[in-house]
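Biologist: Could you take me on a close look at the aromatic side chains here, and at what surrounds them? I would like one connected account, please, rather than a list.

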Amino acid sequence: MKVIVVGSGVAGLLAAVKAAAKHEVTLITKDVLGESNTHYAQGGIAAVTATDDSVAEHVQDTMYAGAGLCWQPAVETLCKQGPESMNELIRFGVEFDRAEASDKTAFALGMEGAHSHARILHVGGDATGAGISNALVQTLKRSKAQILEHTLVTDLILTETADVPKVTGVEVFSSEGIEALEADVVVLASGGAGQLYRHTTNPAVTTGDGVAIALRAGAVLADLEFYQFHPTALAVPGSFLISEAVRGEGAVLINNRGERFMQKIHPMAELAPRDVVARAIQQEMLAQGGEPVMLDATGLGAEFLNQRFPSITAACRNYGLNLAKQPIPVTPAAHYWMGGVATDSYGRTSIPGLFAVGEVACNGAHGANRLASNSLLESVVFADRCTEVLDQPWPANFDFARFRDQQPMRELAVDLSYDSHAPVVDRVELQTQMWDLVGLAREDLGLRQARKSIKGWRPQKRSKRLFTDYEDANLLDLAKAVTAAALARTESRGAHYRLDYPETNPDFARPITIRKA
């Protein structure tokens, strides 16, 4: 059977590698192979590999971070399959750091926020994503899969089968123009949408293409209001990520008076869940006139920092900062989308023939706030599970077990039409609106203002579109959807914080689903 995989992060690479053993696979990526969020992931990948740790505790930590919205069956699948997934990555050539160079059995395990144990495996100190990505790229190149680089998937092709639309291919845009590619199944693994926001740790390719094309095709989406802002991006152009693992090793956050402030906010201090730390930093920044707070890692020593965090140390040096000798300025930045295309525990979506895995998907494992380093794990686990069922018949009367257990609190329909006389959307203006009004802290008036602004733009006409115009059209559709979900959730939970509804409502521990009107 013909399988098209969209995206070349860890989820797409692994899905393509596994599927190519049995099927005719084409992997499509809009940049070069391996350019993705995965490549830039620093901290590591969470999995239970130590004898003093347990899957039950990993589940408990994930559920706690998810702020009451995680779907436990997905969490249990994620955590239980973690150890075997690490073994599979090793078989594909990933070389995780070891506790001792001579010890080939014990991993060097890092500690990160909201984890009860050190369970973060890493590669090259702080180059985990690149290590995993490079190994899978080489494995894929040795397979029979076809690879299409610099090719953007613009839409899904649907065919009516027994009155049910089924995915039968994709429309792509490249230097050769527009063309249609046939497929029996399509696997979306195209990552998140950090480019919705003015400040993001994500690379330029993260324009939410997979979620947008699924939305336009009629797929059900979920949890779009939950966008995680990483607490510590370097406060310089480009928002270089300063891994949570730095705080896990003992670095502390201080304000402009040199005072630690996280100890007053949460018992886990700097290692509290990401949403808690990010909001605390925002409050400190507001109190000091918008100036960034400082991350102080000077107590860790130059030798340790160079060995454990070589990439971060070098990046700071490029900006004239010495991580070992001075605190560095940090600020929150958009980092990870808990929401996405709704899937079951095998990556199946509401449209027959369409799978979604990795950050583009939403299976309920992350809830309202992802636990640190569970993102790479989710990509590996669910990409693997997806390939197990690619050639199986689509379940009759398919529905989502999660939504039976967690009855959606709202089911929204988003109008994707635009005024043909409106000005073409400017990406920077859109990103600024999203950052200011639909970002780390939200309230009704600002959300309504954002909705009005978004409605006042339109995408470029298809006949005139270049590569970035397609991306902008996707961002505009997604901005509508995220804003609608943020307006509908009148509470604060996890990564969704409402200034006008600061409390968490126990009755709202349910997802909001979205599809196009």
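**Aromatic rings and their surroundings**

Modeller: Happily! Let's begin with two phenylalanines, F400 and F403, both of which are buried. Please keep in mind throughout that this is a predicted model.

Stepping back for a moment, a search of the whole structure turns up 13 aromatic pairs. One of these is made by F173 and Y470: their ring centres are 5.2 Å apart and their planes meet at 40 degrees, so this pair is classed as tilted. F173 belongs to strand β8 (residues 164-174) and Y470 to helix α15 (residues 467-488), so the pair ties together parts that lie 297 residues apart in sequence. F173 and Y470 are both buried. Back to our opening residues: F400 and F403 also form an aromatic pair, this one edge-to-face, with 5.1 Å from centre to centre and 65 degrees between the planes.

Aromatic rings gather in a group as well. Y197, Y227, F229, W337 and W435 make up one aromatic cluster. Two other tyrosines have an arginine over the ring. At Y336, the charged end of R370 is placed over the ring, 4.2 Å from its centre. At Y346, R385 lies over the face, and the distance to the ring centre is 4.1 Å.

Now let's follow the F173–Y470 pair outwards, since its β8 member leads us to a sheet. β8 is the middle strand of an open sheet of three strands, ordered β7-β8-β9, with antiparallel pairing. Its edge strands, β7 (152-161) and β9 (177-182), each pair on one side only. From one strand to the next, the twist averages 30 degrees. Looking at a single pairing, β8 and β9 run antiparallel and are joined by six bridges. For V172, the bridge partner in β9 is E179.

The Y470 member of the pair leads to the helix instead. α15 lies across β7, β8 and β9, and runs at about 60 degrees to β7. So F173 and Y470 link a strand of this sheet, β8, with the helix α15, and that helix lies across the three strands.

If you keep going past the helix, you come to R493, in the loop between α15 and β20 (512-516). Is this arginine buried or exposed? R493 has a relative accessibility of 4%, so it counts as buried; the cut-off for that is under 20%. Its side chain has two polar partners worth pointing out. The side chain of R493 makes a polar contact with the side chain of E491, at 2.7 Å. The R493 side chain also reaches the backbone oxygen of N505, at 2.8 Å. Setting aside neighbours within four places in sequence, the residues in contact with R493 include two phenylalanines, F226 and F508. Also among them are A67, G68, L69 and A368, together with T504, N505, P506 and A509.

To come back to where we started, what kind of pair do F400 and F403 form, and what kind do F173 and Y470 form? F173 and Y470 are tilted, while F400 and F403 are edge-to-face. In both pairs, the rings belong to buried residues.

Technical notes: Residues are numbered from 1 along each chain as its sequence is written. This is a predicted model: local features need pLDDT of at least 70, side-chain atom pairs count only at pLDDT 80 or more; totals for chains, interfaces and linings use all residues. Side-chain values use heavy atoms; hydrogens and water are left out. Rings of Phe, Tyr and Trp (its six-membered ring) pair if their centres lie within 6.5 Å; planes under 30 degrees apart count as stacked, over 60 as edge-to-face and the rest as tilted. Helices (H or I, at least four residues) and strands (E, at least two) are DSSP runs, numbered from the N terminus. Buried means under 20% relative accessible area, exposed over 50%, partly exposed in between (1.4 Å probe, protein chains only). A charge sits over a ring if NZ of Lys or CZ of Arg is within 6 Å of the ring centre and within 35 degrees of the ring normal. Two strands pair if DSSP finds at least two bridges between them. Axes are lines fitted to C-alpha atoms, for helices over the stretch in contact, and angles run from 0 to 180 degrees between N-to-C directions. Contact means heavy atoms within 4.5 Å. A polar contact is a pair of N or O atoms within 3.5 Å; within protein, one must be able to donate a hydrogen and the other to accept it, and residues adjacent in sequence count only if both atoms are side-chain atoms.
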